[in-house]
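Good morning, and thank you for the opportunity to speak. I should like to take you through a structure that is new to this group, one region at a time. Please have it in view as we proceed.

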Amino acid sequence: MATDDNNNAGNSVIAKMGRNWLVILSLTLLALLAVLEKGSPWLVGGAWILALVALLLRDKSARPEIPRMLPPVVVEADDAVPESFASFKAGLAVLDSPIFILDKSAAILFENEAAEKIFGQLTTGTHISARLRSPSILDMIRETIMTGEPNQIEHSERLPSQQVFIVRIAPADLPKSQDKRYYILSFRDISELRRIDRMRSDFVANASHELRTPLASLRGFIETMLGPAKNDPAAQTRFLGIMLDQATRMSRLVDDLMSLSRLELRAHIAPDQKVDLVPLLGHVRDALVPLANELDVSINLHVPEGAVEVQGERDELVQVFQNLVENACKYGQEGKVVDIWLKTPPGKPVEVSVIDKGPGIPKEHLPRLTERFYRVSVTDSRSKKGTGLGLAIVKHILTRHRARLIVKSELGEGTEFTVRF
């Protein structure tokens with residue numbers, strides 16, 4: 001076999017040398033005829049034909065092949081991504097941020113589980129525009145593929161819920177990629193940060209507004225007492241009563257703001273004491289009986305026999321249930337009755353429900369009840385000396401106690417606030 005290969009190789013070399021000498025001889029003959037300026041047209045024409053034949057007989061390896069158009073090949077993700085990527089592809093799969101791997105045509109080669117949950121499962125090789133229709137994202141991807149420079153933008157998804165992402169794309173510097181370029185498209189959810197920023201700005205605006213109103217009233221009455229009512233004892237007495245109410249309103253507002261601030265500082269520290277809810281709820285009812293009598297409302301307490309203990313801080317839980325029962329008395333005054341139920345179902349969490357028979361709350365307001373300064377009716381809240389912070393304080397306390405506040409309400413049938421530990 002080795003001898004045959006050597007003979008074939010030798011014959012190939014001889015054939016190539018023969019063809020090359022034929023070309024050289026033909027070109028030499030043409031040059032000689034040109035120098036001597038002699039020879040018949042037949043001789044010159046024959047020399048040209050001989051040279052052309054020699055060129056055609058040369059090794060076709062010297063001629064570049066014309067590439068053929070091949071049909072597009074559908075590749076699987078594992079084949080499209082180089083081996084070096086496989087080592088950390090498993091790590092990308094478990095990240096809680098959506099991740100896509102794109103090729104230079106913006107086709108999806110890989111998406112992790114988080115991306116599937118948010119954007120849906122896409123077939124490998126699908127163009128990214130099949131799912132992401134945002135022009136800003138597509139322009140960013142196109143620019144990075146053209147320039148090779150990383151880019152990022154802020155993008156909002158409105159459906160199925162409002163979400164805000166920082167979308168970033170950057171080239172993936174992978175070894176053994178065979179001169180292919182890959183790009184990592186990532187999404188970082190900043191919805192909670194934007195919500196907190198919005199709440200903070202709303203809080204500052206609302207707090208300023210709530211303080212500005214009583215301060216303006218106080219200033220106006222003081223100016224009146226120093227001016228037109230300077231010598232009018234009856235007007236001064238009436239104005240002083242109004243000023244006292246406004247100062248008390250500001251004091252309640254500042255106290256609630258301080259309570260919220262303290263609760264936020266301790267939100268991550270769970271209480272480690274045991275509190276018996278039976279005497280605690282009895283204390284709350286007794287403390288609010290004078291208010292209930294003034295509003296012509298009766299408070300009924302329903303508790304089981306024996307102790308019902310939960311992990312918590314007594315003063316904070318008193319504040320929670322006083323707030324809920326006081327709201328039930330004020331805003332459910334039409335129903336004339338407020339029921340407090342302490343339930344201990346077997347194998348289930350302890351629950352305390354405060355139920356009134358008032359006008360109820362429209363459903364569109366229920367998700368926002370615990371927001372700071374949120375009021376279903378601003379007029380009713382201020383007429384009942386509310387600060388708009390009571391349920392926000394309740395929410396913060398229950399968050400620290402690892403408990404939940406559940407609100408159920410039907411118009412005309414009353415409202416039920418349930419604390420589930």
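I begin with A106, a buried residue whose relative accessible area is 6%. The model is a predicted one. A106 sits in the loop between β1 and β2. Its backbone deserves a remark: phi is positive, about 70 degrees, although A106 is not a glycine. As a general background, most residues other than glycine have a negative phi.

A second residue belongs beside this one. R402 likewise is not a glycine and has a positive phi, near 55 degrees. R402 is found in the loop between α12 and β11, the latter spanning 404–410. Is R402 buried, partly exposed or exposed? With a relative accessibility of 49%, R402 counts as partly exposed, since the exposed class begins over 50%.

Let me turn to the sheet. In what order do the strands of the open sheet run? There are five strands, arranged as β2-β1-β5-β4-β3, and their pairing is antiparallel. The edges are formed by β2, residues 108–111, and β3, residues 151–157; each has a single partner strand, so one side of each is left without a neighbour in the sheet. On average, neighbouring strands of this sheet are turned by 25 degrees against each other, with direction ignored.

At one of these edges, β3 pairs with β4 in the antiparallel sense, over seven bridges. Within this region, Q152 stands opposite R168 in β4. Helix α6, residues 135–147, packs on the sheet and touches β1 (99–102), β3, β4 and β5. The direction of α6 makes about 165 degrees with that of β3.

I now come to the aromatic residues. How many aromatic pairs does a search of the whole structure find? The search finds six. One of them joins F119 and F165 in a tilted arrangement, with 6.4 Å centre to centre and 45 degrees between the planes. F119 lies in helix α5, residues 113–119, whereas F165 lies in strand β4, residues 163–172, so this pair ties together parts that are 46 residues apart in sequence. Both F119 and F165 are buried.

F165 also pairs with F187, and here the geometry is edge-to-face: 5.8 Å centre to centre and 90 degrees between the planes. Why does this pair tie together separate parts of the sequence? F165 belongs to strand β4 and F187 to strand β5, residues 182–189, so the pair links parts that are 22 residues apart in sequence. The relative accessibility of F165 is 1%, and F165 therefore counts as buried. F187 is buried too, with a relative accessible area of 1%. Taken together, ring pairs link F100, F119, F165 and F187 into a cluster.

My final topic is a pocket, namely the second largest, which has a volume of about 630 Å³. Its lining is made up of 21 residues, and those nearest its centre are R195, M199, E371, R372 and K395. Which helix gives the most to this lining? That is α7, with nine residues. Both α7 (191–226) and α12 (390–400) supply at least two residues each to the lining of this second largest pocket.

α12 thus brings us back to an earlier point, as the loop between α12 and β11 is where R402 lies. I thank you for your attention.

Conventions: Residues are numbered from 1 along each chain as its sequence is written. This is a predicted model: local features need pLDDT of at least 70, side-chain atom pairs count only at pLDDT 80 or more; totals for chains, interfaces and linings use all residues. Side-chain values use heavy atoms; hydrogens and water are left out. Rings of Phe, Tyr and Trp (its six-membered ring) pair if their centres lie within 6.5 Å; planes under 30 degrees apart count as stacked, over 60 as edge-to-face and the rest as tilted. Helices (H or I, at least four residues) and strands (E, at least two) are DSSP runs, numbered from the N terminus. Buried means under 20% relative accessible area, exposed over 50%, partly exposed in between (1.4 Å probe, protein chains only). Two strands pair if DSSP finds at least two bridges between them. Axes are lines fitted to C-alpha atoms, for helices over the stretch in contact, and angles run from 0 to 180 degrees between N-to-C directions. Contact means heavy atoms within 4.5 Å. On a 1 Å grid over the protein atoms alone, a cavity is a set of points where a 1.4 Å probe fits but cannot get out, and a pocket is an open set with protein on both sides within 12 Å along at least five of seven lines; lining residues have an atom within 4 Å of a point. Grid points are joined across faces, edges and corners, and a volume is the space filled by probe spheres set on the points.
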